[in-house]
Amino acid sequence: MDNYILAIETSCDETAAAIIKNGTEIISNVVSSQIESHKRFGGVVPEIASRHHVEQMTIVLEEALKQANMEPKDLTAVAVTEGPGLVGALLIGINAAKAFAFVHGLPLIGTHHIAGHIYANNLVQPMEFPLLALVVSGGHTELVLMCEHGSFEVIGETRDDAAGEAYDKVARVLNMPYPGGPHIDRLAHEATEAVPFPRVWLEEDSYDFSFSGLKSAVINYKHNMDQRGEEIIAEHVAKGFQDSVVEVLTGKTVRAAREFQVKQVIAAGGVSANKGLRTALEKAFKEEGIPFYVPPLKLCTDNAAMIGAAAYEMYEAGIRGNLAMNGRPGMEL
Ligand code: KG4
Ligand code: ZN
């Protein structure tokens, strides 16, 4: 019998619901973004995010069922992001999922947001193990080794800012609106020159990342130029910053792929939408002879389809949540 999972995602600033067939096929995928409401604050305001989720949750859920032309009785299970994320935001999705599962007598599955980002790839391309995932988003920068479904080993992570967070902060220095990643990406591509910023490699054998020093270097550069009464060229700063981020992310991912002799490399999370990063990773892994995949843009940023894809493997493994489920803002992979 076919498996249909209704998935819900509300960990940050998107209210999303989707229906996934057998873990790999998107039947419907609805995302309501709040970016406009957070823009004027230059970042996500947790209280505003929660209020939006409350307003949007039912609408998005109904739309996911409507687009799939399905009724609750056609579903196999309900999945929801249990963490990590903003606790108030998570709780809106979790309570909607609990209520839906209870009313319709469906099993409930709590999913990890980053597992979701990784499993977005399974909606496009079957995952092959061992697999290396570079997860780069507004809240995360992690290198994850997977030897089988459901097994995640974090071999490296950021020691300070997430890559997306650094993008958003640098964008603010350049007077670009939130979220800044796409703007820096665009400016970097228009640039003819790059301001030389440092590459932060940390210890020779480390797969960890650090972006706060690079962010400070950009801020100091702007400050020094201001003091000298000189105008910065935003394109050159954007390219300098992006070149540094991309070189380090790509370099460490390649070294890890070699060391663990992986069969597949995937990129996941909002920053994997970055053109510079995609191009660099594609080129590097073509040279390495290792298949590299990154999901289409709308599956890179937050969505519920990826949560349904991750939940399917959990469902198959017999993992179930219950009505005592709580939001887990610091949930580990
Ligand atoms: O995965 P995501 O949608 O939400 C989180 O779970 O954080 O990622 C959002 C992050 C933001 O920091 C945004 O600036 C960044 O992804 N982002 C980009 C690009 N598109 C989105 N960063 C760099 N280049 C892009 N093209
Ligand atoms: Zn995310």
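This briefing describes the domains, the two sheets and the ligand surroundings of one protein chain. The model is predicted, and its domain assignment divides the chain into domain 1, covering 4-118 + 300-316, and domain 2, covering 129-293. Taken over C-alpha atoms, the centres of domain 1 and domain 2 are separated by 27 Å. The shell around ligand 1 draws at least three residues from each of these domains.

**Contact between the domains**

- To the contact between the two domains, domain 1 contributes 13 residues, while domain 2 contributes 20 residues.
- On the side of domain 1 that touches domain 2, the elements giving two or more residues are helix H1 (35-39), helix H4 (113-119) and helix H11 (305-316), and the largest share, 4 residues, comes from H4.
- By residue class, this side of domain 1 consists of 6 nonpolar, 5 polar and 2 charged residues.

**The sheet E3-E2-E1-E4-E5**

- An open sheet is formed by 5 strands in the order E3-E2-E1-E4-E5, with mixed pairing; strand E3 (25-33) and strand E5 (108-112) have a single partner strand each, so one side of each is left without a neighbour in the sheet.
- From one strand to the next, the twist of this sheet averages 20°.
- Strand E4 (residues 77-83) and E5 run parallel and are joined by 5 bridges, and Thr81 has Thr111 in E5 as its bridge partner.
- Helix H3 (residues 87-104) packs on this sheet, where it touches strand E1 (4-9), E4 and E5, and the direction of H3 makes about 160° with that of E4.
- Helix H11, which also gives residues to the side of domain 1 that touches domain 2, lies across E1, strand E2 (14-21), E3, E4 and E5 and runs at about 130° to E1.

**The sheet E8-E7-E6-E9-E10**

- A further open sheet of 5 strands, again with mixed pairing, follows the order E8-E7-E6-E9-E10, and its edge strands, strand E8 (153-157) and strand E10 (292-293), each pair on one side only.
- Within this sheet, strand E6 (residues 131-136) pairs with strand E9 (residues 264-268) in the parallel sense over 5 bridges, and the bridge partner of Ala133 in E9 is Ile266.
- Helix H8 (residues 234-259) packs on this sheet and touches E6, strand E7 (141-146), E8 and E9, with a direction that makes about 160° with that of E6.

**The surroundings of ligand 1**

- There are 19 residues around ligand 1, and those that come nearest are Ser137, Gly138, Gly164, Gly181 and Gly270.
- At least two residues of this shell are supplied by each of helix H5 (163-173) and helix H6 (181-190).
- The shell around ligand 1 divides by residue class into 6 nonpolar, 10 polar and 3 charged residues.

**The packing of H5 against H6**

- The axes of H5 and H6 lie 8 Å apart and the two helices pack at an angle of about 70°, and they are therefore roughly perpendicular to each other.
- On the H5 side the contact is made by Gly164, Tyr167, Asp168, Val170 and Ala171, and on the H6 side by Gly181, His183 and Ile184; Gly164 and Gly181 are also among the residues that come nearest to ligand 1.
- The residues of the contact of H5 with H6 comprise 4 nonpolar, 3 polar and 1 charged.

Note on methods
Residues are numbered from 1 along each chain as its sequence is written. Chains are lettered from A and ligands numbered from 1 in the order in which they are written. This is a predicted model: local features need pLDDT of at least 70, side-chain atom pairs count only at pLDDT 80 or more; totals for chains, interfaces and linings use all residues. Domain bounds come from an automatic or database domain assignment. Two residues are in contact if their C-beta atoms, placed from the backbone, lie within 7 Å. Ala, Val, Leu, Ile, Met, Phe, Trp, Tyr, Cys and Pro count as nonpolar, Asp, Glu, Lys and Arg as charged, and the others, Gly among them, as polar. A residue is near a molecule or strand if its C-beta atom, placed from the backbone, lies within 6 Å of it. Axes are lines fitted to C-alpha atoms, for helices over the stretch in contact, and angles run from 0 to 180 degrees between N-to-C directions. Angles under 35 degrees count as roughly parallel, over 145 as roughly antiparallel, 65 to 115 as roughly perpendicular and the rest as oblique. Two strands pair if DSSP finds at least two bridges between them.
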